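Me: I should like to learn how the features of a protein model are read. May we begin with a helix and what follows it?

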Amino acid sequence: MGQRYDAFHRRSIDDRAGFWAEQAKLIDWHKPFGQVLDYSRPPFARWFVGGQTNLCHNAIDRHLAAQADKPALIYVSTETGDEHVYTFAELHREVVTMAAILVSQGVGRGDRVLIYMPMVPQAVFAMLACARIGAIHSVVFGGFASNSLAARIDDATPKVIVSADAGSRAGKPIAYKPLLDEAIRIARHNPASVVMVNRGLVPMELVAGRDLDYETLRAKHRDADVPVVWLESNEISYTLYTSGTTGQPKGVQRDVGGYAVALAASMRHIYCGNAGETYFSTSDIGWVVGHSYIVYGPLIAGMATILYEGTPIRPDAGILWKLVEKYRVSLMFSAPTAIRVLKKQDPTLLTKYDTSSLRSLFLAGEPLDEPTARWITEGLGRPVIDNYWQTETGWPILALANGVEQMSTRFGSPGVPMYGYDLQLLHEQTGEEVGVNEKGVVAIVPPLPPGCMQTVWGDDERFVETYFTTIPGKMVYSTFDWGIRDPDGYYFILGRTDDVINVAGHRLGTREIEESVSHHAAVAECAVIGVADSLKGQVAMAFVVLKDAGAATNPADATRLEREMMSLVDRQLGAVARPAKVHFVAALPKTRSGKVLRRAIQAVCEHRDPGDLTTIEDAAALDGVRTAVVRADG
Ligand code: AMP
């Protein structure tokens with residue numbers, strides 16, 4: 001770590017109040033806060049207590065004086081050919097209109113609005129409109145299907161759902177409305193109304209008395225004036241569901257003031273963005289990166305942000321760089337998988353366009369392997385900055401704070417602990433700190449800094465239980481990631497300690513997939529694990545014990561059953577969760593106490609040594625897994 005940054009980081013831990021009071025000046029406050037941090041009820045942290053602010057005001061209204069006619073939201077869809085630049089003034093008008101629509105449907109402060117949308121501008125309008133009126137948005141990734149959506153509807157109990165007829169992927173429309181209708185049918189909770197954006201991609205029928213047409217409402221509320229509702233810093237801005245070890249996703253809950261300050265600070269110290277420049281994140285609004293660095297972060301910094309619907313390789317693998325050239329993008333944020341996809345394409349497309357406006361490319365969401373990091377760094381001739389964080393934290397835990405001090409990148413490492421994070425690497429069993437170059441669990445000594453989750457929506461106990469009780473003898477936040485630290489303080493992330501897998505940067509809980517596969521009538525038992533994949537980082541692999549062991553002996557039957565199980569997962573959870581392969585085995589390897597040995601199965605799939613097997617009940621079960629894997633490898 002450099003000296004200047006080291007001191008900056010140290011101060012953020014030793015003098016939290018002083019440090020964050022300074023950062024808080026980066027945003028507008030309607031009423032100043034009385035106390036920087038209230039940590040009277042560990043591990044719950046309350047930041048900027050008594051202060052009043054608003055995320056929508058900070059993202060839009062406060063830029064109107066100087067930047068009304070400057071681009072704010074740049075929409076590009078290579079799926080539909082739509083391209084539209086909204087200035088701050090235009091974005092303001094659309095957001096106010098959307099806010100008026102929500103208010104007309106009875107939405108007020110503290111009410112939930114669930115947003116199930118493809119990458120369309122109305123999704124951003126809806127998020128910012130919620131923020132404006134103090135409603136709590138809960139965006140559900142468009143790739144999720146009915147059961148995933150229904151679970152989130154029941155947990156968030158939204159008054160209104162905002163959705164659209166369809167998304168589009170690689171030129172093929174994907175109907176959302178039937179999935180939404182089915183989810184509402186399954187869910188116990190019923191929204192009062194559903195606002196539907198009709199893109200004209202697939203025919204859809206509105207349910208009378210429930211569904212409303214967005215364009216009709218928009219025309220009606222076009223001249224509305226909806227003032228910003230000033231919120232106490234610790235009121236809730238949004239919930240975002242994320243997977244963990246149980247089948248039930250957790251609603252990660254965030255505040256208003258702490259989040260705004262954390263994003264503003266990160267835009268300055270980590271991303272180094274300036275007002276008037278353009279930021280391009282290829283993520284999706286359904287993920288945390290989309291919340292923090294498509295919508296709120298860049299806009300709070302007064303930057304234009306690109307909302308992109310499309311893949312990195314259509315119409316060709318130069319599309320991202322073409323957009324960099326066209327919109328003079330200064331900063332870009334993507335995921336390692338996208339770069340690995342590009343690596344397989346024509347390399348001349350990387351240099352075909354003028355990317356001289358680009359200062360840095362940030363990559364996050366999954367491990368960035370060294371060959372990919374080298375390839376893109378050399379190809380672009382720009383710094384490529386890996387950064388590590390989670391839905392729970394909202395902004396990077398590990399990165400380089402080049403805005404504080406220029407730091408060198410180290411291939412394979414997402415960098416050093418960011419200011420505000422008191423990071424430790426702890427021994428899984430003893431809870432003691434491990435030494436340099438020793439593997440430990442990445443843990444954060446609370447209080448968590450501003451911007452991080454406040455709690456699990458509706459379940460304080462689960463928040464404490466899940467995150468703060470897994471390290472023996474210490475109340476520290478576990479990231480559930482393994483890491484090591486080199487002598488210079490650079491960290492390396494070595495994978496999850498729990499049953500969470502990461503497919504192309506998408507975080508999935510294996511339990512959810514297991515539950516879905518188990519819905520198939522032929523399944524007696526099932527285990528899903530993540531297996532290393534050269535393109536997606538990991539893919540899900542299912543091992544199934546059938547009720548009738550003979551049902552899959554014939555290859556045609558096995559193929560049919562596998563297909564049925566895959567389409568079941570598609571329908572219930574979404575194609576992102578679909579296992580790459582379903583193996584049929586006679587038994588699952590388990591410990592004598594009945595716990596499935598997932599790590600051993602994973603090792604076998606990755607052709608590694610499964611390690612200590614003294615607790616295994618029946619060694620033949622693991623042999624069965626091995627045989628199935630070898631057979632599938634051909
Ligand atoms: P999510 O909450 O979906 O953002 O997923 C967070 C998880 O993704 C982390 O706990 C890590 O396992 C993984 N992850 C995110 N960023 C990185 C990174 N830069 N390097 C390695 N793993 C990462």
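Me: Which residue follows α12, and what is the sign of its phi?

Reply: Helices (H or I, at least four residues) and strands (E, at least two) are DSSP runs, numbered from the N terminus. Here, α12 is followed by Arg328, which has a positive phi, near 50°. This is a predicted model, in which local features need pLDDT of at least 70 and side-chain atom pairs count only at pLDDT 80 or more, while totals for chains, interfaces and linings use all residues. Residues are numbered from 1 along each chain as its sequence is written, and side-chain values use heavy atoms, with hydrogens and water left out.

Me: Which residues of helix α12 are buried, and what covers them?

Reply: Buried means under 20% relative accessible area, exposed means over 50%, and partly exposed lies in between (1.4 Å probe, protein chains only). In helix α12 (residues 319-326), the buried residues are Ile319, Leu320, Trp321, Leu323 and Val324. Their cover includes the strands β4 (71-77), β16 (278-281), β17 (304-309) and β18 (329-334). The helices α13 (336-343) and α14 (370-380) are also included in that cover.

Me: How is a single residue described, for instance Gln23?

Reply: One states its element, its accessibility and its contacts, where contact means heavy atoms within 4.5 Å. Gln23 is found in helix α2 (residues 16-23). Gln23 counts as buried because its relative accessibility is 6%. Beyond its neighbours within four places in sequence, Gln23 is in contact with Phe8, Val261, Ala265 and His269.

Me: Is Asp38, in strand β1, buried or exposed?

Reply: Asp38, in strand β1 (residues 35-41), has a relative accessibility of 15% and therefore counts as buried. Its contacts, leaving aside neighbours within four places in sequence, are Phe44, Ala45, Arg46 and Val49. Asp38 and Val49 are 11 residues apart in sequence, and their C-alpha atoms are 7.1 Å apart in space.

Me: Where does Met204 lie, and which residues does it touch?

Reply: Met204 is in the loop between β11 (193-197) and β12 (211-213). Its relative accessibility is 22%, so Met204 counts as partly exposed. Not counting residues up to four places away in sequence, Met204 touches Asp165, Lys177, Met196, Val197 and Asn198. From C-alpha to C-alpha, Met204 and Ala166 are 9.2 Å apart, with their positions 38 residues apart in sequence.

Me: What is a nonpolar core, and how many residues has the largest one?

Reply: A nonpolar core is a set of buried Ala, Val, Leu, Ile, Met, Phe, Trp, Tyr and Cys residues joined through side-chain atoms within 4.5 Å. The largest here has 123 residues, and Leu128 and Tyr296 have the most contacts inside it. Helix α6 (residues 121-133) supplies the largest share of this core, 10 residues. Apart from this core lies another, of 39 residues, including Val503, Val523, Met565 and Leu573. Among the contacts of Tyr296 beyond four places in sequence are Leu55, Met127, Leu128 and His291.

Me: How is the chain as a whole summarised?

Reply: Its secondary structure comes to 19 helices and 32 strands. The radius of gyration is taken over C-alpha atoms, and the globule rule is 2.2 Å times the number of residues to the power 0.38. The chain's radius of gyration is 24 Å, close to the 26 Å that the rule gives for 634 residues, so the chain is as compact as a globular protein of that length. Of these 634 residues, 60% count as buried.
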